Amino acid sequence: MPKTQLTSEALRTPNGVFSQATTIEATGRLVFVSGMTARRPDGSIAGVGDVAEQTRQVLDNVQAAVAAAGGTLDDVCRVDVYVRNMEDFAKIHEVRARYFREPLPASTLVEVSKLADPDYLIEISAIAVIP
């Protein structure tokens, strides 16, 4: 069940690790991953004050959730990213580039004033389609 990254000359080329749109045949299991934070399995928060380390832990957590459903990050077709500081965009995408490969998932990134814990700098939810 191939995932396809779409592009359009009518849209600006994305400046990060995401696609303008992603298509996938919906024959498989849809997996909706709740917002993942930088919580380690032991309950501690990874990378307090370090958005790159938190992004790594968050994506490890997304990866673990998708794996529990029998998939990989290649099956992720959409992510929603909530950050405390939009100035961290480059650092976040540097880490994302190590986790996602083309065809890239569609993505929304927004800055928020607060997350569930004051030490969280990023939260990511995801949708995957697993064949």
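## Fold, burial and contacts in a predicted model

Welcome to this predicted model: of the 131 residues of the protein, 42% count as buried.

Q: Which pattern does the protein follow when read along the sequence?
A: The protein has 2 helices and 6 strands. Read from start to end, these elements follow the pattern β-β-β-α-β-α-β-β.

Q: What radius of gyration does the protein have, and which value would a compact globule give?
A: For 131 residues, a compact globule would come out near 14 Å. The protein agrees with that estimate, because its own radius of gyration is 14 Å.

Q: What box do the C-alpha atoms fill along the principal axes?
A: Here the extent is taken along the principal axes, using C-alpha atoms. The box is roughly 40 × 35 × 20 Å.

Q: Of the contacts between residues at least 6 apart in sequence, how many join residues at least 24 apart?
A: Start with the contacts in the protein whose partners are at least 6 apart in sequence. Among these, the share joining residues at least 24 apart is 75%.

Q: How far apart are the centres of the positive and negative side chains?
A: The protein carries 13 positive and 17 negative side chains. Taking the centre of each set, the distance between the two is 2 Å.

Q: Is Asp80 buried or exposed?
A: Asp80 lies in strand β4, which covers residues 76-83. Buried means under 20% relative accessible area. Asp80 has 18% relative accessibility, so it counts as buried.

Q: Which side chain does Asp80 join in a polar contact?
A: Beyond its neighbours within four places in sequence, Asp80 is in contact with Thr108, Glu123, Ile124 and Ser125. The polar contact is with another side chain, at 2.8 Å, and the partner is Arg78.

Q: Where is Asn61 found, and is Asn61 buried or exposed?
A: Asn61 is found in helix α1, residues 51-68. Leaving out residues up to four places away in sequence, Asn61 touches Met36, Thr37, Ala38 and Arg39. Its relative accessibility is 16%, and therefore Asn61 counts as buried.

Q: How far apart in space are Asn61 and Ile124?
A: In sequence, Asn61 and Ile124 are 63 residues apart. In space, C-alpha to C-alpha, the separation is 9.4 Å.

Q: Which peptide bond is cis, with omega near 0°?
A: The bond in question leads to Pro103, a residue in the loop between α2 (89-99) and β5 (106-111). With omega near 0°, the cis bond is the one from Glu102 to Pro103.

Note on methods
Residues numbered from 1 in each chain as written. Predicted model: local features only at pLDDT ≥ 70, side-chain atom pairs only at ≥ 80, totals over all residues. Heavy atoms only, no water. Helix = DSSP H or I, 4+ residues; strand = E, 2+ residues; numbered from the N terminus. Rg over C-alpha atoms; globule rule 2.2 N^0.38 Å. Buried < 20%, exposed > 50% of the residue type's maximum accessible area, 1.4 Å probe, protein only. Contact = heavy atoms within 4.5 Å. Lys, Arg positive; Asp, Glu negative; His and termini not counted. Charge placed at Lys NZ, Arg CZ, Asp CG, Glu CD. Polar contact = N/O pair within 3.5 Å; in protein donor to acceptor, adjacent residues only side chain to side chain.
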